[in-house]
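Welcome! Open your viewer, switch to a cartoon view, and follow the stops below one at a time.

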Amino acid sequence: MSKRVAIAGFLHETNTFAPSPARYENFEQGGGYLPMSRGAEILQRCGGVNLGISGFVDYAEKAGWELVPLLWTGAIPSAHVERDAYERIAGEIADLLRAAGKIDGLLLDLHGAMVAEHLDDGEGELLKRLRAIVGPHIPISASLDLHGNVTRDMVDAADVLVAFRTYPHVDMAETGVRAAEQLDRLMTRGKPFAKAFRQLPFLIPIPWQCTMIEPAKSLYAEIDRVEGGAVSSASILTGFPAADFEDCRPSVLAYAETKDEADAAADALERAFLDRESRFAGKAYAPLEAVTEAQRIAASASKPVIIADTQDNPGAGGDSNTTGMLRALLEKGVERAAIGVIVDPASAARAHEAGEGAEIELALGGQSNVPGDAPLQATCRVERLSDGRFKATGPYYGGADMNLGPAACLSIDGVRIVVSTFKAQMADREMYRFVGIDPEDQAILVNKSSVHFRADFEPIAEAILVATAPGPMALDAADLPFTRLKPGIRLSPNGPAFQRTGAARRAG
């Protein structure tokens, strides 16, 4: 008999120190995600896209399930989800689930690091509300981002949580398939798995969580060592280190036939994680230092040198509009350079009013009031205009239809700038091409991203540098003004421990 499975999604990664909140209209628009979708719209829009919900649908078709699509929405990372937005979306998902009738299982596409204005644990609260609706015996499976800050409420309310294994996240749809497979096992067996949950005692800077490099590369390989046989699922989450609440930290999860087997798997992953603590480190450059080093490498390179503007990463809560790296490019007189994306609706509108070929005076970017940042006063040439719509072709966005709103390529001397109306992380080469910039022809590219850009840009990169221009996503969590983190958590690998004395301070 065909299984009847409800599916829904509500995704947000919350940087509680970021300048701009997530409003309801941000979820409607979607950023780099799909726009808010209901019912059959979900099935129509998610095909071939690298998202957990897409994996749900692919698995369901092969398994012959009857799907009951409820609501799916996601907004690009930012500060807290506004109370109104959270309650409207969570309330609608709950209402649709109540109206869905009898189901055999529930699949949820979540992030795992959502903080609302009125709730520290957005996913834990949502899962508890949905569990109250379906009762204790209907299995709930959820896919999570590996940056999830997993809480005890999340683990208790869901039967299984399944996290991404790649950063850049090229396996989002694959993770959806794995979450659906776990739900299938739960529905077939008719009883829950035993669970094990461990939390790690240190925070990890975002760029050094990349699974394409060590130590995360070999750490994630450890999952294959413990998963299989009695262990149905295991996950490692490196966490999102910019959320000011007690459960901000990495974690591991294991689900097995018995509690002893689940504990053994979780303990093995925890040991592997702790053994690598000191290796989560890397070189970061100040803006002028980064550009100087990029110029040195580019002088004899055949491919672009790429600089990650990590502290204004819109994938971690930045507004993607700081000007520190642009100023450094101009100060060093770089030619054949491009930077993107600077989100500045007013400047994009001015460019469209002026038309291609015009020269305009702008106060570009710098609207987020980040200390050390300001708008750049400059004369810019309008090289190319766009409506902001294009299809991403790289492995991260995975074929998504993008809409950055009215956009332009502006140039100042030898530097070309992608300016847009809406925010999305620079993680796809089409985000340069849609305004006429060929990324392969540039000597230096500055991407407002920390890691996701690597999936599409590493094949064309001579070298990749990480720069720390002023921005809202501090590379080192010790630079963030935590007040509510769990005391004793190390703010970086082998770094200072947080003490709850009104502000973080160095241990000893």
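Select residues 4-11 and residues 105-110 to begin: these are strands β1 and β4, which run parallel and are joined by six bridges. Bear in mind as you look that this is a predicted model. Which residue of β4 is the bridge partner of Ala6? Show side chains and you can pick out Leu106 in that role.

Now widen the selection to the whole sheet around this pair. It is an open sheet of six strands, ordered β2-β3-β1-β4-β5-β6, and its pairing is mixed. Go to the two edges next: β2 is at residues 37-38 and β6 at residues 160-163. Each of these edge strands has a single partner, so one side of each is left without a neighbour in the sheet.

Before leaving this sheet, add residues 122-134. This is helix α5, which lies across β1, β4 and β5 (140-144). Compare its direction with that of β4: the helix runs at about 165° to that strand.

**Second stop: another sheet**

Select residues 194-199, 231-237 and 251-256, which are β7, β8 and β9 in turn. How many strands form this open sheet, and in what order? There are three, in the order β7-β9-β8, and their pairing is antiparallel. β7 and β8 stand at the edges with a single partner strand each, so each has one side without a neighbour in the sheet. From one strand to the next, the twist averages 10°.

Zoom in on β7 and β9, which pair in the antiparallel sense over six bridges. Here Lys195 stands opposite Tyr255 in β9. Then bring in residues 259-275, helix α9, which packs on the sheet and touches β7, β8 and β9. The direction of α9 makes about 20° with that of β7.

**Last stop: a pair of helices**

Finish with residues 287-298 and residues 324-331, helices α10 and α11. Two packed helices are described by the angle and the distance between their axes. For α10 and α11, the angle is about 50° and the axes are 9 Å apart. The two helices are therefore oblique to each other, and α10 passes α11 in a right-handed crossing.

Which residues meet here? Show Pro287, Leu288, Ala290 and Val291 from α10, together with Gly324, Met325, Ala328, Leu329 and Glu331 from α11. Colour them by type and you will find seven nonpolar, one polar and one charged residue in this contact.

Technical notes
Residues numbered from 1 in each chain as written. Predicted model: local features only at pLDDT ≥ 70, side-chain atom pairs only at ≥ 80, totals over all residues. Heavy atoms only, no water. Axes fitted to C-alpha atoms, helices over the stretch in contact; angles between N-to-C directions. Helix = DSSP H or I, 4+ residues; strand = E, 2+ residues; numbered from the N terminus. Parallel < 35°, antiparallel > 145°, perpendicular 65-115°, else oblique. Left-handed = near helix turned anticlockwise from the far one by under 90°. Contact = heavy atoms within 4.5 Å. Nonpolar A, V, L, I, M, F, W, Y, C, P; charged D, E, K, R; others polar. Pairing = 2+ DSSP bridges.
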